[in-house]
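Please open the model in your viewer and keep the sequence panel in view, so that each stop on this tour can be selected in turn.

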Amino acid sequence: MKKLLLLGDEAFAQGALDAGISGAYGYPGTPSTEIIEYIQKNPLAKERNVHREWSANEKTAMETALGMSYAGKRAIVTMKHVGLNVAADPYVNSAFTGANGGLLVTVADDPSMHSSQNEQDSRFFAKFALLPALEPSNQQEAYDMAHYGLELSEKYALPVMIRFVTRLSHSRSGVARQEVKAENALKLPEDKNQFVLLPAIARRKFKTLLAKQADLEKESENSPFNQYIDGKDKSLGIIACGLAHNYLMENFTDKECSHPILKISQYPIPRKMVEKISMECDTLLVLEDGAPLVEEMLKGYLGNALKVKGRLDGTVPRDGELNPNSVAKALGFKETELLEIPEIVAPRPPALCVACPHIDSYNALNEALSTYEKGHVFADIGCYTLGFLPPYQAINSCVDMGASITMAKGAADAGLYPAVGVIGDSTFTHSGITGLLDCVNEKSNVVIIILDNHVAAMTGGQESSAFGRIEQICLGLGVEREHIRTVVPLKKNHEELVKVYREELAYNGVSVIVPRRECVQTMAKRNRSGRE
Amino acid sequence: MKLDIILAGVGGQGILSIAAIIGTAALKNGYYLKQAEVHGMSQRGGDVQSHLRISDKPIHSDLIPMGECDMILSVEPMESLRYLPYLSNKGWVVTNSKPFINIPNYPELDSVLAEIKKLKNNICINADDIAKEMGAARSMNMVMLGAAAASMDIKVEDLQDAIKEIFERKGEKIVEMNLNAFKKGLEFSKANK
């Protein structure tokens, strides 16, 4: 069969479809977005009517996927690493309920923070929840692991995590498909208690989960994705997890590696294989594209159990993604002389697009706030975070989805006036609504600006769950009608915008301002597709 | 056969269409391919790059090791310099000389071009002007691909076939325009190499 040229994300999506999923759930987030986008465009997904709409946030996505699993069908849920924080409640509890139909929780991490607020390693969550995890090292494994993971999930009646990193999510290579499987039939769980986590039942479920751990370790030991490659020189053994294995092998393209290598792509850690390499070798080098999870486990708290080199002792940098050169250095290879970047090369940070509606919103906000000292604007996650950069310098915080509204409230509670929250329409429906309810219930003195450009723009223009209903949602939460103000952020409306901002800053209570104009990227895309 | 190319530019300049054509030509020859792209925040006017790796043997890393890149193909002059640590001592820098200025502290163009000229193997071409002269401003990328083709271990005919394949659905006129742009770039390189 002809190979398909697919991004890692797309390879996994094709694998999940071919393995017979009935639903894909998720919230857009770099680098995970392309999984659901691929399914949305896929003919097989259309033909089978596989669920493929975006969810309001990662928590609703995770719970909905769990509901589909309850009903006996196969499902995947996708998110970026920080999305798993949002979905942590259902994810951790799903280890107790277990799955009925196969369920894959696919999380794309972003080491080096190419497009993220932090670089947490999702494998810690899998270990914490006592759930198995798969870590593909190439596009073919990403495809194959969708099939394998769903089988594993149904075999042990547990959700399985698939952990991606940016460099695999967004890298293309040839992928061969397997046979296309039929969808599962509807089938309720045999055990009527399975999904009822009352304490008495949960205590039993926990023991069941603990009892499965030994079997999960055995699965890892026999996994086709974990390999022990022997080598003569036992002075050093190398453990390489997921993508780190590629960077390791890149250093041995023209020669053989004389050291034993253990490639780990399935967790829990394959205990016997790790025992073997640590008994045979004097020192271990642990390579992980993320946090030192395996390294820490091997080293132990006191660090005297084994001779282990890796991120913790500085052999590999403590933060950031790995690359072939950082691994070469860890192996002690001679560094080649490299050309330097000339000093004149200036950084080119991302910026708001020409004619972006946020530009007009920020220019007016800056003017309305010009009589106050700086430091009153709490912002959120989206394109408008770029309002921090010159020439706008309009915002003072960016923490997590929804934190603009709640941090503005907290600051207002402390006596800060004015306290302004800036949030996008998609981020508002993701995690802003509950925070605004808190504001309304206490009549907090805040001005919340909900920038409505119709889409989640930073991730490529996915439909926002608001669907233009921001005002109705705010009314329903109890924001006073006369303090919900809709404006059109255009240069020619600048004076009007400033006036509306000033009026609402003067009001002692909850104000919501909705600057509404379509994202210029989405508009251009719409016009292009209209022409074709 | 091993060909590692870093494609460089600014978000929105469309470096991925160049990658798609080289990739298509490589696959026709039965080569292995890996191509790492930048999606997300940087696409909003920031610096972007794609690592394109082609080989007759299986490829491990999605990223090109520093010091081993065979070519930096940049559609913007300053961006061609940002990735120099990746370039091998035999590698080529093929770049557009037309700057894309969206930052206040963009350096003097002359000093940027002087840095490029210092490099052992460089081709610096005003692809924007060449494309505009042809009345095909949007084919700047194909002028750049043509300019690079002279120093690339892939047959010119295969690249031309790939251009036909990629642009086919847009009609014969667009295919012709892009092939001509490619030819102009190739001719420039042959004359100035």
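Begin by selecting A:Pro418, which lies in the chain A loop that runs between helix H16 (403-413) and strand E15 (420-424). Bear in mind, here and at every later stop, that you are looking at a predicted model. If you add A:Tyr417 to the selection, you can inspect the cis peptide bond that joins A:Tyr417 and A:Pro418, with omega at about -10 degrees.

Next, go to A:Pro268, found in the loop of chain A between strand E11 (266-267) and helix H12 (271-280). The peptide bond leading into A:Pro268 from A:Tyr267 is cis, and its omega is near 10 degrees.

From there, turn to backbone angles and select A:Ala355, in the loop between helix H14 (324-330) and helix H15 (357-368) of chain A. A:Ala355 is not a glycine, and yet its phi is positive, at about 70 degrees. Is A:Ala355 buried, partly exposed or exposed? With a relative accessibility of 45%, A:Ala355 counts as partly exposed, because that class takes in values between 20% and 50%.

A:His454 can be selected next, in the loop of chain A that separates strand E16 (446-451) from strand E17 (455-456). A:His454 has a positive phi of about 80 degrees although it is not a glycine, and at 37% relative accessibility A:His454 counts as partly exposed.

Now move into the interior, where the largest nonpolar core has 99 residues, and where A:Tyr91, A:Ile239, A:Leu248 and A:Leu287 touch the most other members. Highlight helix H8 (residues 139-156) of chain A as well, since this helix gives the most to the core, with 7 residues. Colouring chain A by domain helps at this point: domain 1 (3-221) and domain 2 (227-331) both give residues to this core, so the core lies between them.

For a detailed look, centre the view on A:Leu248, which, when residues up to four places away in sequence are not counted, touches A:Ile238, A:Ala240, A:Ile261, A:Leu287, A:Val327 and A:Leu331. A second, separate core has 57 residues, and among them are A:Cys383, A:Ala412, A:Ile449 and A:Cys474.

The last stop is in chain B, where B:Gln13 sits in the loop between strand E1 (2-10) and helix H1 (15-28). At 15% relative accessibility B:Gln13 counts as buried, because the limit for that class is under 20%. Leaving aside neighbours within four places in sequence, B:Gln13 is in contact with B:Val75, B:Glu76, B:Phe100, B:Met140 and B:Asn141.

Conventions: Residues are numbered from 1 along each chain as its sequence is written. Chains are lettered from A and ligands numbered from 1 in the order in which they are written. This is a predicted model: local features need pLDDT of at least 70, side-chain atom pairs count only at pLDDT 80 or more; totals for chains, interfaces and linings use all residues. Side-chain values use heavy atoms; hydrogens and water are left out. Helices (H or I, at least four residues) and strands (E, at least two) are DSSP runs, numbered from the N terminus. Buried means under 20% relative accessible area, exposed over 50%, partly exposed in between (1.4 Å probe, protein chains only). Contact means heavy atoms within 4.5 Å. A nonpolar core is a set of buried Ala, Val, Leu, Ile, Met, Phe, Trp, Tyr and Cys residues joined through side-chain atoms within 4.5 Å. Domain bounds come from an automatic or database domain assignment.
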